[in-house]
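Let's take a walk through this protein together, starting with the whole chain and then stopping at a handful of residues. Keep the viewer open as you read.

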Amino acid sequence: MLVALPLTLFLRPMNTKFFLDLSKNCFLFWLSRKLDYPILPPDTVQMNFSFKCNLSCKMCSMEAQGRLLESEGKQTEIDSETFRKTIRETVELGTKTFLFIGGEPFLRSDLFDLVGYAKGLGLNTVIVTNGVLLTEENISRCFKNGADWLSISIDSASKENFSKIRGVDVLDRIISNVKTLNHMKKSQGQETPRLVTVCTIMDDNIHELMDVVGLCRELGIARIIFQPVVANNIDQTQRQDLAPGFVPKTRLNQLDESIDRLIVFKKESLENFDFVANSIKQLKLIKGYFRGKVSPRAYPCYAGYNRVQIVQEGKLYFCVNQQQHVANFGDIKKDTLKDMWYSKKARSYRQLIRKCRYPCLQWCSYRDEFIQLQDAFYKKLVFGVLKRGQNGRGAANV
């Protein structure tokens, strides 16, 4: 019924060109997946540059993977020269957003020099951090070097539960750091970095998802993203009911209640709708995910098109079953990002991704602009307004 309504009905109150460009961009990404060939560059280049972290979270496999690679004599951190080469080639490829992720990025001494280098070349910069090291000094360096977004993981609103998930009692410190950031932004007239929160849904926190929403609203977070825990965040295609944090069958009703409360909250107002980044359909699918009943057709995966990841040893990575395939291809130290992105090898991996039968519902499988376009029509029908998201592009590219 929605497609039968005149497009001009939706475009009249807002910038027509913006929505036509958005629609064209979404169509070309959709067509790319159909053709197994990227017509457009990726939205995001994600640099997984280190395994080093100051926390040992129960649902994270980074530390174990880092130790394994070290035992095999493999590289576990991207060097500065290769980092800068990748940033330059990201611009040349036509990508707009560069994602800095570890491990914990703030452990790297030249992080802010690299952020400033990327920002100086016109890239939208996103740093994924646990927030523990968000000191006044690091906040000032974020201001100076042009960090656009900080993605801070908050999986619980209670100290006890947060400590259980993250392995150490640091929630109060993270809250204090975010408040310091907000105070410094206000006192110094800074608009950035804006904050986005990623909350991993797991057995430990399904009873307090709305509490996490409340905490993030109090802290001035711009958006919150929910995604379900995976058995192994190095290989997201793995599925194990006994994986750390996986919701057991005995608690699925509690999960359903919490998801339903999130959906009700999202629908209550335009402000709430924009605050919860997930679409209503995505939230509903999380119920089926923990039951093992999400069809691959339910929400097509755009991994291999929406972003490219460079892993710690300098190779390109797409999300495929690593037990059956060598997931890495190409070496950023030797090859150009553009050549690897359009290579035959990359195409073969995209074909494998399309055949994936294990929907993970991780944000890297979505496209923020698809959600933005869908939400625009929903907001027109429900709230009577049509506008781009309150935070613009890049808010959810994490």
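The paragraphs below go from the overall make-up of the chain to individual helices, rings and loops.

Before we start, please keep in mind that this is a predicted model. The chain has 398 residues, and 57% of them count as buried. Its secondary structure comes to 15 helices and nine strands. How do parts of the chain that are distant in sequence figure in the contacts? Among contacts with a separation of 6 or more, 76% are between residues 24 or more positions apart. On the outside, the accessible surface comes to about 17,600 Å², and carbon and sulfur atoms account for 50% of that area.

A good first stop is helix H2, which covers residues 16-35 and holds tryptophan 30. Is this tryptophan buried or exposed? Neither label fits, because its relative accessibility is 39%, so tryptophan 30 counts as partly exposed. Leaving aside residues up to four places away in sequence, tryptophan 30 touches Tyr302 and Phe370. The second of these partners is 340 residues away along the chain, yet the C-alpha atoms of tryptophan 30 and phenylalanine 370 are separated by 9.5 Å. Tyrosine 302 has another visitor too: the charged end of arginine 33 sits over its ring, 5.6 Å from the centre. You can find a second arrangement of this kind elsewhere, where the charged end of arginine 217 sits over the ring of phenylalanine 275, at 5.0 Å from the ring centre.

Now follow the chain out of H2. Aspartate 36 lies in the loop between H2 and strand S1 (44-48). Its phi is positive, about 55 degrees, although aspartate 36 is not a glycine. Aspartate 36 counts as buried because its relative accessibility is 12%, and the cut-off for buried is under 20%.

Next, look at the aromatic rings. A search of the whole structure finds 16 aromatic pairs. One of them is phenylalanine 83 with phenylalanine 100: the ring centres are 5.8 Å apart and the planes meet at 25 degrees, so the pair is stacked. This pair links distant parts of the chain, with phenylalanine 83 in helix H4 (residues 80-93) and phenylalanine 100 in strand S2 (residues 97-101), 17 residues apart. Both phenylalanine 83 and phenylalanine 100 are buried. They also belong to one aromatic cluster with Phe49 and Phe98.

Just past strand S2 comes a backbone feature worth a click. The peptide bond from glycine 102 to glycine 103 is cis, with omega near 10 degrees. Glycine 103 lies in the loop between S2 and helix H5 (111-120). Another cis peptide bond joins threonine 192 and proline 193, where omega is about 5 degrees. That proline is placed in the loop between helix H8 (171-188) and strand S5 (194-201).

Between those two spots in the sequence, stop at asparagine 145 in helix H6 (residues 136-145). With 16% relative accessibility, asparagine 145 counts as buried. A polar atom of its side chain lies 2.9 Å from the backbone oxygen of arginine 141. Setting aside residues up to four places away in sequence, asparagine 145 touches Phe112, Asp113, Val115, Gly116 and Lys119.

Our last stretch is around helix H14 (residues 344-354), whose buried residues are Ala346, Tyr349, Arg350 and Ile353. Why do these four belong together on the helix? Seen down the axis of H14, the buried residues fall within an arc of 105 degrees, so they line one face of the helix. The underlying geometry is simple: an α-helix has 3.6 residues a turn, so residues three or four places apart point the same way. The buried residues of H14 pack against strand S9 (328-331) and helix H13 (337-341).

Beyond H14, leucine 361 lies in the loop that runs to helix H15 (368-383). Leucine 361 is a residue other than glycine with a positive phi, near 60 degrees. Where does its side of the accessibility scale fall, buried or exposed? Leucine 361 is buried, with a relative accessible area of 4%.

Methods: Residues numbered from 1 in each chain as written. Predicted model: local features only at pLDDT ≥ 70, side-chain atom pairs only at ≥ 80, totals over all residues. Heavy atoms only, no water. Buried < 20%, exposed > 50% of the residue type's maximum accessible area, 1.4 Å probe, protein only. Contact = heavy atoms within 4.5 Å. Arc of directions from axis to C-beta. Polar contact = N/O pair within 3.5 Å; in protein donor to acceptor, adjacent residues only side chain to side chain. Phe/Tyr/Trp six-rings, centres within 6.5 Å; stacked < 30°, edge-to-face > 60°. Lys NZ or Arg CZ within 6 Å of the ring centre and 35° of its normal. Areas by Shrake-Rupley, 256 points an atom, 1.4 Å probe, with all protein chains shown as cover.
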